[in-house]
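Hi everyone, thanks for coming along. Let's pull the structure up on the screen and take a walk through it together.

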Amino acid sequence: MTELEKRFIAARRQAIAMEYGKLNERQRQGVLTTEGPLLLLAGAGSGKTTVLINRVANLLKYGRGSDTEEIPMPITGDEVEFLEGYIQNPDPAQKPLMEYLCAVEPARPWEVLAITFTNKAATELKERLERMLGEEARDVWASTFHSACVRILRRDIEHVGFSRDFTIYDTDDSKRVVKDCLKSLGLDEKTFPVREVLAVMSDAKDRMQTPEQFCKQWESAGEWRKIRIGKVYRLYTQKLFEANALDFDDIILHTVRLLRDHREVREYYQRKFRYVLIDEYQDTNNLQYQLASLLAGGHRNICVVGDDDQSIYRFRGANIENILNFESEYKGARTIRLEQNYRSTQHILDAANGVIRNNLGRKGKTLWTNNGAGDTVTVKTTFNESDEANYVLGQIMMAYRRGANWKDNAILYRMNAQSNALEYACKRNGVPYKIIGGTKFFDRAEVKDMLAYLCVINNPADDLRLRRIVNVPSRKIGAATVDKAQLLATRDGRTLYEVFAHAEEYPELKNTAAKLKAFTELIETMRRALDGAELVDYYSYVCETTGYVAMLQEKNDPESLARLENVEELSSSIHAFLDHEPDNPTLAGFLDEVALYTDLDDTTDGDNCVLMMTMHSAKGLEFPYVYVVGMEEGIFPGNRAVSDPEELEEERRLCYVAMTRAKEHLTLTNARQRMLFGRTAASMPSRFLNEIPENDMEWLSKPEPRQERPAFDDFDDYGASGGVAYRVDVEIAAHRQQVKKTLDSVRKAPTPSAALPDIKAGETVHHSAFGKGMVLSVRPMGGDALLEVAFDNVGTKKLMLKTAMSHLTRG
DNA sequence: TGACCACAGTTTTTT
DNA sequence: ACTGTGGTCA
């Protein structure tokens, strides 16, 4: 290599590096190290996403320019001098020439694959890339493991025996199938809990064991239980195959099989993806590991990003070894540690470091920050869980009076069940709050029902979804009938739907043939209407035609009202789907996306509310004020964890995750006694509290436990001291007034029906679902009114006016 | 087929 | 304490 070439290479790297001047040195290394395997150990709050985005930008702009000694074309002394001059004194006008000289085979967008775990992360990545790079970024493959695999499978799954229009089963669907399997194998659900069977199967799939291999293994070991489960596994696999369905594990499993066993497919993708990035690598399971290494197997440019200290998903198969062993699995791998934290203060970090230091299985990182020492961590011991909740709320309300937003506060707990006391305290104090997690929108029965209708319309062969909705709303088609038909379907090799449609051919079904026939005709009508329909309109058409909406309206209790809202809310999902310009704006496309996209309600921002969530759901988020409650032995770490060292380390990582969410102030609380699962038990402070260095915390503890919780007016833990006390007291009084008002208005009946139209008995109305009818009676109820309407075609129905209003017209 | 009662389980969660 | 589910009875 000539002297000139050396100068060129150095100048090229420096010129590219200048693009990333805002990053710190380590972050910049992460961006510029483009070639070969790279492990990016990114501590909490170390600007991981920024690095990821800049890295992709760099790949698209300069290719391997920053990480190679190649010189793609002969260079001249003038050019080297130009670059060296540019570094000294960058002139925007000369940037194009600089870019031209520095780029070495820039990656085209579709040659970059960036994989994340959640859709949220994938969307964020895509959006930020597009903001930085414009249109071009759209073709980058930024997606979750599952959606990347579905994309691959939709193209090539026929090589492994499924057809390209396969359906995706969610966990609920899987459960149903397992139940069916248990029943037909004569196994008892109590001896073989569905949860466990699913977990065992998932495990087997993770090891890539076929049912046959699984059975063989346990037969030779003589494990009766496992042999039985193996039989379920076999039948389950067969059923899914016959239904042309894949569960979540299968999506990855079959992609791995496809790539492993079919050279031409494998080579296509290996050639295509010059650069592969995997985010949250500490959360990958074996299958995902296999997938990553298959996809990156061509160019071997695999960059994994993660933090072994934040691995908290062992229970769902994540294998921390994947990140711990990355360097030995990938020879020549480079490792970059991002340890500068931009989020928290030093006391918070030192406290968190103090805890995580006690884990043995880790790579070892020590976070530091330039943010200054900040406040020490507050530890507070209270008498019981409602004291704890009151303390936290008191602190939050004080912060609010000092000008903080409600949403600056997050309360984190180990289990969802712990949210009760906190929720209650918020309600009593009139503090707006939002609980994240719990039952998700797409998990709600009514939403699933409507989706099931759409699935059946899309693909009548979807037996499972068909069974779900055939009798919802009630069509007098009971389980017995469906079972009979299912048997016949299996016998004749037809789908369940075909048997329904030809029910009259079966003497066994003669009693219900007419009803079955009517049902399939309903579906057929809706199928015909799909052609050319606008998806959103079509959805409301389906809601009405199926009678589902009417069913909910009839019930007219608050529960059904909420359900109705959810059913309507689904149409906004369709809107949202169409809005972000999908490749495939059809019903099938929508169902595909919905199957993999389950967190619609990520309305984390927007409303100004105190946020309450589990520590798991807090991962990746940050808040100025964080309260971690329930720091008690037996709860956190949980009972199961105290006897299992691996599990204990996982709990400790979870603690580390929770603590590092805090930007300004961290409060940890424990209660001396707590009611959980109906029992009150005393418990010791969590060992994690004792692992925090004393310098970094202040442990407030009440000398004497209070016997009795005072009623709702007493906020004894407000504890403002000194000269401000009076002022605070006045404010408290004002606040209480507010609270009482709120409470009163909640307790009393809602506001009178000022806005309701005055429909009277005797009037003729038209209902969008029931048709024409006459109002028999109007009875005011609360802020609403109960209507009794005699419809011409469907008989007399009771409707709540507020609910029915949008479906009713006069005359 | 639908209503009602007894009973068990109860970490964490994404796709 | 609470909730969802499964089995039994009308």
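Which helix gives the most to the lining of the second largest pocket? That would be H22, with 5 residues. Please keep in mind as we go that this is a predicted model.

Let me stay with this pocket for a moment. The space in the second largest pocket comes to about 850 Å³. Helices H8 (171-184), H11 (224-242) and H21 (463-469) also give two or more residues each to its lining, alongside H22. In total, 27 residues line this pocket. If you want to find its centre on your screen, look for Lys239, Glu242, Asp463, Gln486 and Thr490, the lining residues that lie nearest to it. Sorted by class, the lining has 10 charged, 9 polar and 8 nonpolar residues.

Now, let's follow H22 over to the DNA. H22 spans residues 479-492, and both H22 and helix H29 (615-618) supply at least two residues of the surface near DNA strand B. Here again H22 gives the most, this time with 3 residues.

How many residues are there around DNA strand B? There are 29, and the ones that come nearest are Arg414, Asn416, Ser474, Gly478 and Thr614. On the DNA side, sugar and phosphate make up 56% of the strand B atoms that come within 4 Å of the protein. By class, this surface has 13 polar, 10 nonpolar and 6 charged residues.

Let's zoom in on some individual contacts. Arg414 has a side-chain N or O atom 2.4 Å from a base oxygen of DNA strand B. Thr171 also points us to a base oxygen of the strand, with a polar side-chain atom 3.0 Å away from one. Arg640, on the other hand, takes us to the phosphate: an N or O atom of its side chain is 3.4 Å from a phosphate oxygen of strand B.

Last stop: helix H31, residues 645-659. Its 15 residues reach 21 Å from first C-alpha to last, close to the 21 Å expected at 1.5 Å a residue. At the start of H31, a side-chain oxygen of Asp644 comes to within 3.0 Å of the backbone nitrogen of Glu646.

Why do we say that H31 is largely enclosed by the rest of the structure? Because 12 of its 15 residues are buried. Among them are Leu648, Leu654, Val657 and Met659, and also Glu649, Glu650, Glu651, Arg652 and Arg653.

That's my tour, so thank you for listening!

Technical notes. Residues numbered from 1 in each chain as written. Chains lettered and ligands numbered in written order. Predicted model: local features only at pLDDT ≥ 70, side-chain atom pairs only at ≥ 80, totals over all residues. Heavy atoms only, no water. Helix = DSSP H or I, 4+ residues; strand = E, 2+ residues; numbered from the N terminus. Expected span 1.5 Å × (residues − 1). Buried < 20%, exposed > 50% of the residue type's maximum accessible area, 1.4 Å probe, protein only. Polar contact = N/O pair within 3.5 Å; in protein donor to acceptor, adjacent residues only side chain to side chain. Near = heavy atom within 4 Å. Nonpolar A, V, L, I, M, F, W, Y, C, P; charged D, E, K, R; others polar. 1 Å grid on protein atoms, 1.4 Å probe; cavity = no way out; pocket = protein on both sides within 12 Å on 5 of 7 lines; lining within 4 Å. Points joined across faces, edges and corners; volume = space filled by probe spheres on them.
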